[in-house]
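Here are some notes to read alongside the structure, written for someone meeting it fresh. Each point can be followed with the model open in front of you.

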Amino acid sequence: QTKISINAATMSNPAQLYKDGKYDEAIARIDEMEAEAGTLTPQLMNLKGVCKMRTAKVDEALELFDEVLKVDPGNGEAAANKRGSIMLKGSMTADLANKLFRDGNFSGALAAYDGIDLSVANDELKFQVRNNVGAIHMQMGDVKSALVAFEQALEVKPLSVDTIHNKATALKGVGKMSEALAAFDQCISAQPDFYSALCGRCEVLAALSRFQDSVAQADAAIKCKPDEYRAYADRGFANLKMQNIDGALVDFDGAIKHGSKQSGELMKVYALALTLKADSLLNSGRYHEASEMYEKALSMGSSDDPSAGVLFNHSLALLHSGKKEESMEEMKHCTSVDPRFFPAWAAMGLSCLQDGKFDEAIKALTAAVDIKPEEVEVGYHLGVAYLKNNDLGAAVEQFRKVLAVKHDHEPSKKALALVEASIAYKKSQEAPPPAPAPAPAPAPAPVPSPVDTPPPAEPEPEPEPEPEPE
């Protein structure tokens, strides 16, 4: 269909409306002219497209510029306006993506960023999109994809200190510690008081087992921002790895004082430091102090998932402090947390045996023997508990089980001989037998030993705040 040309004089009315900023009126006038003439010139279609851009109807503008270019492929004005529309659409989409990012809708933000045509975007938009895509991947736990995005952003702005820091954080996240250290060094060289970079460098040094250097770096970060918690936590991690438990506890207290009370990861490591300190107090006979320290450690950790080892050691501290009933309750708690925790079952059984609670002793010692049948002393005391409870058959069977594990276990040999002789004598006599041989006195019950607290794992530092959308 042949286009009907409209001269410049006819076009002047909508053009003036455009100049006056009356874009909707200009569009309406052009539509009237199209209805009157049956078609539009490329100039008017281009003007209408520009008005659509100004009213944020970018998709409609693109359709108009494409139509102009179909009629006039060499129309440079329409081509430039099309590129501008694509850039405007990208910018508008980026604004939407940024809002989704700030609202925590990471999947939606990522989809919006992916819809932006970066081939026609300016450097500012390219950088913003790539950096924010990296930040979203970090939030979603995809550190490898984040690293790629940060590297692409740095291709556009290689001196962006914030993005170098983001890259360093991602490198740390994928375990490339030497590269991360170099990137943090680059940040600090450009901005010596960059607190997050100072902390990141501290954490990398700890991961490289350079704990003394890590402490020194944390000192510098604390000097930079003494009211921020992260560097205190980082220094605590390094001190803990160097077995400076008292120093670690001071640092973790400092981290909590300065705002890290909601950090679950810090609470776990703080609980570990408290437990190690309590173990030391327990082993040195300072039972009351150890008990208080274990209680504090348990309150710092997850109350829904306490450590069976910590509960057991706490029970021993209570026991040695003269709080036997509380100790027994803690041992029961321990076995409810870990039904196969042998030391607690054995300690409960021995305590009940000494207190004359034979049924309870048999129950606890049976559980212990089921877990570790090779522990012959516990097996022997189970036999004694049966004997004290007048169950001679079960006692014989149990002493034989012990001797099957360790044939030269003398207490079991003697006990078995006495019980079997008593049973044989009863069977050989028709008249009422003399009083049975007394049950052998149980060998002294071994004093339960505390279990070892595992050494600290590689510290997992406080999560870093991710970049906000630009």
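1. Of the chain's 470 residues, 46% count as buried. Please keep in mind that this is a predicted model. The chain holds 23 helices and zero strands. Among contacts with a separation of 6 or more, 53% are between residues 24 or more positions apart.

2. A good place to begin is a pair of helices, H7 (residues 123-139) and H8 (residues 143-156). Their axes lie 7 Å apart and the packing angle is about 160°. Angles over 145 degrees count as roughly antiparallel, so H7 runs roughly antiparallel to H8. The crossing of H7 past H8 is left-handed.

3. Which residues bring these two helices together? From H7 come Asp123, Lys126, Phe127, Arg130, Asn131, Val133, Gly134, Ala135, His137 and Met138. On the H8 side they meet Val143, Ser145, Ala146, Ala149, Phe150, Gln152, Ala153 and Val156. By character, the residues of this contact of H7 with H8 divide into 10 nonpolar, five polar and three charged.

4. H8 deserves a closer look by itself. With 14 residues, H8 reaches 20 Å from its first C-alpha to its last, close to the 20 Å expected at 1.5 Å a residue. Its buried residues are Val143, Ala146, Leu147, Ala149, Phe150, Ala153, Leu154 and Val156. As you follow that list, it helps to recall that an α-helix has 3.6 residues a turn, so residues three or four places apart point the same way. And what do the buried residues of H8 pack against? Their partners are H7 and helix H9 (161-173).

5. Next, find cysteine 334 in helix H18 (residues 324-337). Is cysteine 334 buried or exposed? Its relative accessibility is 0%, so cysteine 334 counts as buried. Leaving aside residues up to four places away in sequence, cysteine 334 touches Ala308, Leu311, Phe312, Phe341 and Ala344. Cysteine 334 and valine 310 are also worth viewing together: they are 24 residues apart in sequence, and their C-alpha atoms are 8.6 Å apart in space.

6. Two loop residues have backbone angles that you may want to check. Alanine 56 has a positive phi of about 65° although it is not a glycine. You will find alanine 56 in the loop between helix H3 (42-54) and helix H4 (58-71). With 45% relative accessibility, alanine 56 counts as partly exposed.

7. The other one is glutamine 243, a residue other than glycine with a positive phi near 65°. Where does glutamine 243 lie? Look in the loop between helix H13 (230-241) and helix H14 (245-257). The relative accessible area of glutamine 243 is 51%. The cut-off for exposed is over 50%, so glutamine 243 is exposed.

8. Finally, visit aspartate 193, in the loop between helix H10 (177-190) and helix H11 (195-207). At 48% relative accessibility, aspartate 193 counts as partly exposed. Lysine 223 is 30 residues away from aspartate 193 along the chain, and 9.6 Å separates the C-alpha atoms of the two.

Key. Residues are numbered from 1 along each chain as its sequence is written. This is a predicted model: local features need pLDDT of at least 70, side-chain atom pairs count only at pLDDT 80 or more; totals for chains, interfaces and linings use all residues. Side-chain values use heavy atoms; hydrogens and water are left out. Axes are lines fitted to C-alpha atoms, for helices over the stretch in contact, and angles run from 0 to 180 degrees between N-to-C directions. Helices (H or I, at least four residues) and strands (E, at least two) are DSSP runs, numbered from the N terminus. Angles under 35 degrees count as roughly parallel, over 145 as roughly antiparallel, 65 to 115 as roughly perpendicular and the rest as oblique. A crossing is left-handed if the near helix is turned anticlockwise from the far one by less than a right angle, and right-handed if clockwise. Contact means heavy atoms within 4.5 Å. Ala, Val, Leu, Ile, Met, Phe, Trp, Tyr, Cys and Pro count as nonpolar, Asp, Glu, Lys and Arg as charged, and the others, Gly among them, as polar. The expected span of a helix is 1.5 Å times one less than its number of residues. Buried means under 20% relative accessible area, exposed over 50%, partly exposed in between (1.4 Å probe, protein chains only).
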